[in-house]
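Me: I would like to learn how to read the features of a structure that is new to me. Could we take them one at a time, with the general idea before the case?

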2 protein chains.
Amino acid sequence: MKGRKGVSIVDVAREAKVSAATVSRVVNNIDKVKPEVRQKVLDAIRDLGYSPNHAARALVKKRSNCIGIVVNNLHDPFFHDLIKGFEMSAQQTSYAVMFCSVLGGDVASKEQYVRYLTNGVVDAVILYGSYLSDKSVINYLKDTQDIDYVMIENDAEELNCNKLLIDNFGGAKKAVEYLLQKGHRKIAHICGNPNKKVSRERLDGYLEAMKNAGIEVDERYVQCTSTDYRSGYACANALFDLKQPPTAIFCSDDAIASFAVRAALDRGLRVPEDISVMGFDNQTILPDHYRGPDITSVNQPLYKIGMDSVKLLSERLNSDEEMELVRKIYQTEIVEKETVTECKVE
Amino acid sequence: MKGRKGVSIVDVAREAKVSAATVSRVVNNIDKVKPEVRQKVLDAIRDLGYSPNHAARALVKKRSNCIGIVVNNLHDPFFHDLIKGFEMSAQQTSYAVMFCSVLGGDVASKEQYVRYLTNGVVDAVILYGSYLSDKSVINYLKDTQDIDYVMIENDAEELNCNKLLIDNFGGAKKAVEYLLQKGHRKIAHICGNPNKKVSRERLDGYLEAMKNAGIEVDERYVQCTSTDYRSGYACANALFDLKQPPTAIFCSDDAIASFAVRAALDRGLRVPEDISVMGFDNQTILPDHYRGPDITSVNQPLYKIGMDSVKLLSERLNSDEEMELVRKIYQTEIVEKETVTECKVE
DNA sequence: CTCTGTTGTGCAAACGTTTACATTTATTTC
DNA sequence: GAAATAAATGTAAACGTTTGCACAACAGAG
């Protein structure tokens, strides 16, 4: 086990024949120090190749000037826009931003990361959409008043923290209204992983829109995938097998939609001529080299949310007075692409 | 400016009526402590909700048990596999892994991140392919013997550190040989950003393969993009405009290739029937909703490189004796897809 | 019952900073 | 030129850990 060695502030002080305090002052540009002394110190710093140790600094200042971000599968292209947002606003603040990723739903290491970060390594953390099952993470955060954090896309009641949310219910409702407006009446829904709140919200949006239109929903029109979006393929087939198959399918997300489209194409249905398909998330990047038409979808402003979250934290950290917690719901918008068309049958 | 408060080891010690040293011992499972005492301490820890402060710990131990990764545009889908590799092996070590991203070629903040990380926040850092122009980063690292690091895809001579490299020269050569074997003779090259070493290596591979085949390369057959891969579109058009247009184009990377294909399609050429196009990187994700055929490419084992780099560091950090620096060159392989076919003209 | 050894604990120094306060030095002001 | 004030620097404590060392308690051996 190797450790680090290095030149410390007192080495610089000795070299420049001043006290450590003075060196600290020039390093931090705080308090006046005489130009000639400052120069001596600067020279010593250069000669010795000194850089301040952040652990020590964080220890005494109780701040690290760093914001941590924890997400579930950083490699997932879903995060493309979100990351871009983080990067962008990181560049604009004085805070360093660091990403931690936990593979799959590995709750244990997620909690570990959060504990790690919240104890002296960052000043604030941003969490993306912790699964509902991440009770341990939530419980931990619940009791942690020490640190500022924002949750994106997770509205756990136990948590009173900043929350940036997406209007999944409204987005789904809008999507279905869009299909209705295209003349569709027989609209089915493929629901995502039912353990995720987001899936239920989108389902509810679907149901609401249908109810408002006065259409009774055959329960067979609602199919649920397992935890794997690939099962969207089977769900779609189940819908096509009905004697009264739908003319349009609203899917809980684009990944599922891509499999629904594939299922349609595989059994010789044309998309959108024979069946309209709509997704959610507006992902530009789809699983497995998807080659079908671009999927009409609902866009969520992830770039903006990414930007806003670090901006928000940076403002809070720099404010003297206690600030109110933010709870903001972002609206979505329909993105018309190639998988939806007017309903031709009546 | 708010700071953190929190319960410290001495609070626990007081509560459990033992010394701080003893608390430390139970927290770290080091040295024997009597079972009943341990239990008292554990209770106190639970009651007070204590977690150790990592800044203090890092300060005295001179280790943080964390590895930092710095890349240029984390959101770039190019990193998909690499990130996956990092995540995977992070899960298998006891090290926390944190990603830092700098937008574009922002050298200043890149150096800032590296300085930050190397001074008491991580035990080792992984850098991906610093541009050659990142002299300041390289100069900084050159003088930094304190910390272990690995460079991926950067062979700067000044640096003696662990290097994981890709055989760009060999990969390009292989690609061109593949085209030759398909009967192509008039093979052009669109070279990437000429400031990047990787572009030059791939160019050299192209030239070498052509030379070996005894084909003299018309200099107009080598087009260079600007720093923006979008200019691949113009380069391709320049090639098509020649009286003797090529039958195949080898592009420095897939992003460029996607624009070359687009240029071809836009002027009514069929790909690959009229013109074969080959890329490099095997990116599954292409810019701007690319809708052409899948691009035949050269794959580099980024997933493995990601895995190997954190494994390597973790081994080095845990080894007592001085280990030799690693310098490893990874081989590439041709991935046959849809943009190359036999040369039909003679 | 002393001696030696083991085992479990506590004391205090150290890690590299920052910063309130004390002290020195320089600059006014009268 | 002394007194008063301002400016620059130094002193030392503090931040929350870990760990070498000393010490106490207690065992087993003689």
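Me: Which residues is I305(A) in contact with, leaving aside its neighbours within four places in sequence?

Reply: This is a predicted model, and in it I305(A) is in contact with L82(A), G85(A), I152(A), L164(A) and Y330(A) once the neighbours within four places in sequence are left aside. The residue itself is found in helix α12, residues 302-317 of chain A. By contrast with those contacts, the C-alpha atoms of I305(A) and E324(A), which are 19 residues apart along the chain, are separated by 18 Å.

Me: Is I305(A) buried or exposed?

Reply: The idea is to count the other C-beta atoms around a residue, and 20 or more within 10 Å make it buried. I305(A) counts as buried because it has 23 C-beta neighbours inside 10 Å. Over the whole of chain A, 47% of the 346 residues count as buried.

Me: How should I read the buried residues of a helix, and which are they in α10 of chain A?

Reply: An α-helix has 3.6 residues a turn, so residues three or four places apart point the same way. In helix α10 of chain A, residues 232-240, the buried ones are G232(A), Y233(A), C235(A), A236(A) and L239(A). These residues lie on the same side of α10(A), because they cover an arc of only 165° around the axis. Among the elements that cover them are β6 (187-191), β7 (222-224), β8 (248-251) and α11 (254-266) of chain A.

Me: What can be said about chain A as a whole?

Reply: Chain A has 12 helices and 12 strands. Its C-alpha atoms fill a box of roughly 90 × 40 × 40 Å, taken along the principal axes, and its radius of gyration is 26 Å, where a compact globule of 346 residues would have one near 20 Å. Among the contacts in chain A between residues at least 6 apart in sequence, 75% join residues at least 24 apart.

Me: How is chain B related to chain A, and what rotation superposes them?

Reply: To compare two copies, one asks what rotation and what shift bring one onto the other; here a rotation of 180° with 0.2 Å of shift along its axis superposes chain B on chain A, with an RMSD of 0.2 Å. That is the relation of a two-fold axis. The same surface serves both copies, since 100% of the contact residues of chain B recur in chain A.

Me: How many residues of chain B are in contact with chain A, and which elements supply them?

Reply: The size of an interface is often given as the accessible area lost when the parts come together. Here it is given by residues, and 50 residues of chain B are in contact with 50 residues of chain A. On the side of chain B that touches chain A, α4, α5 (80-92), β2 (96-101) and α6 (107-118) each supply at least two residues, and α5(B) gives the largest share, 6 residues. By class, this side has 21 nonpolar, 16 polar and 13 charged residues.

Me: Which residues come nearest to the DNA strands?

Reply: Around DNA strand C there are 29 residues, and the closest are I9(A), A21(A), S24(A), A21(B) and K32(B). For DNA strand D there are 28 residues, of which K32(A), V60(A), I9(B), A21(B) and S24(B) come nearest. The largest share of the surface near strand C, 6 residues, comes from α2(A), while α2(B) gives the most to the surface near strand D, with 6 residues. The residues near strand C divide into 16 nonpolar, 7 polar and 6 charged, and those near strand D into 16 nonpolar, 6 polar and 6 charged.

Me: Which backbone angles deserve a second look?

Reply: Most residues other than glycine have a negative phi, and most peptide bonds are trans. A cis peptide bond joins V271(A) and P272(A), with omega about 10°, and P272(A) has its place in the loop between α11 and β9 (276-278) of chain A. In chain B the peptide bond from V271(B) to P272(B) is also cis, with omega near 10°.

Me: Where is K62(B) found, and what is its phi?

Reply: K62(B) is found in the loop between α4 and β1 (66-71) of chain B, and it has a positive phi of about 60° although it is not a glycine. K62(B) is partly exposed, with 18 other C-beta atoms within 10 Å. N65(B) lies in the loop between α4 and β1 of chain B and has a positive phi of about 55°, although it is not a glycine.

How values were computed: Residues are numbered from 1 along each chain as its sequence is written. Chains are lettered from A and ligands numbered from 1 in the order in which they are written. This is a predicted model: local features need pLDDT of at least 70, side-chain atom pairs count only at pLDDT 80 or more; totals for chains, interfaces and linings use all residues. A residue is near a molecule or strand if its C-beta atom, placed from the backbone, lies within 6 Å of it. Helices (H or I, at least four residues) and strands (E, at least two) are DSSP runs, numbered from the N terminus. Ala, Val, Leu, Ile, Met, Phe, Trp, Tyr, Cys and Pro count as nonpolar, Asp, Glu, Lys and Arg as charged, and the others, Gly among them, as polar. A residue is buried if 20 or more other C-beta atoms lie within 10 Å of its own, exposed if 12 or fewer, and partly exposed in between; C-beta atoms are placed from the backbone. The arc is that of the directions from the helix axis to the C-beta atoms. Two residues are in contact if their C-beta atoms, placed from the backbone, lie within 7 Å. Copies are superposed by least squares on the C-alpha atoms of residues with pLDDT of at least 70 in both. The radius of gyration is taken over C-alpha atoms; the globule rule is 2.2 Å times the number of residues to the power 0.38.
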